[in-house]
Amino acid sequence: MTVIRLLLTLLGVLPALATADTLWKSDFESGNLDNWHYLLNKQGISISDQYQSQGAYAAKITVKGDANYLWHGKSFLNRVEMQYKPDTVADKGNTVMTWDVMFPELLSNARHEFAYWESDKSYQQIMRFDIAANRLSFRPSTSSQPLWQFDELKPQTWYSMAMHVHWSAKPDEGFVSLWFDGQQVLDKAPMATLLNEQEKAFIQFGILRDQTDRHETIWLDNVRELANVRSLSD
């Protein structure tokens, strides 16, 4: 499903009646990763034409268990990630992100953190998407219970995702809305979306898992930050 079609579903309007401004995008058609703010263990990230959700290229993110894929040499954690810092993150601000993801083979049944928001000074995680085998879920990082879960992931299938975050350190003011493959699955779920009013947040895509020798891969494409998502009739 393309970003435009996802937006139409998000808006609930007919195809000719929707538009949005792209503040930032990484569709990997340039062949480089220069517009990402930080790459962690970048040897596990490449751009390839083997798979893609649109265009000719997508990002291949692979994590392995050897020393090159540890986090700061810590023997218990494998990480490969791409970081983006939206300028729209601020108290009472709004950020809309969309992306496509595909798993050539399902990941193991262990915990994998695929996309998460983290505070930019103390580096504490705020909210995240977890993957385990055919299960994809979203939750605040302070909670053990997901706010949303999907249990039917299939290999070699592209999934489109979108999230709208309203930023606040107050749990009764911040909220998250989610869309998965064109369907809204969370509608303004209340939660604290900032750690505090002094820190902003960034998002990281990739694989964070407990250390294992297993090689695991995800594909990412068509990552965008959007603004002014609206109907042309407005």
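Which residues have the most contacts inside the largest nonpolar core? They are Trp99 and Phe114, and the core that holds them has 48 residues. Please keep in mind throughout that this is a predicted model.

Let me begin with phenylalanine 114. Apart from its neighbours within four places in sequence, phenylalanine 114 is in contact with ten residues that I shall list in full: Trp99, Val101, Phe129, Ile131, Met161, Gln204, Phe205, Gly206, Ile218 and Leu220. Phe114 also belongs to one aromatic cluster, together with Trp24, Trp36, Tyr84, Trp99, Phe129, Phe138 and Phe205.

I turn now to the aromatic pairs. The whole structure contains 15 of them. In one, tryptophan 99 and phenylalanine 205 meet edge-to-face, with 5.0 Å from centre to centre and 70° between the planes. Tryptophan 99 sits in strand β7, residues 94–102, and phenylalanine 205 in strand β15, so this pair ties together parts that are 106 residues apart in sequence. Both tryptophan 99 and phenylalanine 205 are buried.

Another pair joins tryptophan 148 and phenylalanine 180. Their ring centres are 5.2 Å apart and their planes are at 50°, so the pair is tilted. Because tryptophan 148 is in strand β11, residues 148–150, and phenylalanine 180 in strand β13, residues 175–180, the pair ties together parts that are 32 residues apart in sequence. Tryptophan 148 is buried at a relative accessible area of 10%, and phenylalanine 180 is buried at 7%.

Next, the charged side chains. Side chains of opposite charge can pair when their charged atoms come close. How many salt bridges does a search of the whole structure find? The search finds 11. One of them links arginine 111 and glutamate 113, at 2.5 Å from N to O. Arginine 111 is partly exposed, with a relative accessible area of 30%, whereas glutamate 113 is buried, at 6%. A further salt bridge joins arginine 139 to aspartate 130, with 3.4 Å between the closest N and O atoms. Arginine 139 and aspartate 130 are both buried. Through shared partners, salt bridges connect Arg111, Glu113, Arg128, Asp130, Arg139 and Asp210 into one network.

Finally, consider arginine 209, which is located in strand β15, residues 201–210. Is arginine 209 buried or exposed? Its relative accessibility is 1%, and buried means under 20%, so arginine 209 counts as buried. The side chain of arginine 209 forms a salt bridge with that of glutamate 216, at 2.8 Å from N to O, and glutamate 216 is buried as well. In addition, a polar atom of the arginine 209 side chain lies 2.7 Å from the backbone oxygen of arginine 214.

Note on methods: Residues are numbered from 1 along each chain as its sequence is written. This is a predicted model: local features need pLDDT of at least 70, side-chain atom pairs count only at pLDDT 80 or more; totals for chains, interfaces and linings use all residues. Side-chain values use heavy atoms; hydrogens and water are left out. A nonpolar core is a set of buried Ala, Val, Leu, Ile, Met, Phe, Trp, Tyr and Cys residues joined through side-chain atoms within 4.5 Å. Buried means under 20% relative accessible area, exposed over 50%, partly exposed in between (1.4 Å probe, protein chains only). Contact means heavy atoms within 4.5 Å. A salt bridge is a side-chain nitrogen of Lys or Arg within 4 Å of a carboxyl oxygen of Asp or Glu. Helices (H or I, at least four residues) and strands (E, at least two) are DSSP runs, numbered from the N terminus. A polar contact is a pair of N or O atoms within 3.5 Å; within protein, one must be able to donate a hydrogen and the other to accept it, and residues adjacent in sequence count only if both atoms are side-chain atoms. Rings of Phe, Tyr and Trp (its six-membered ring) pair if their centres lie within 6.5 Å; planes under 30 degrees apart count as stacked, over 60 as edge-to-face and the rest as tilted.
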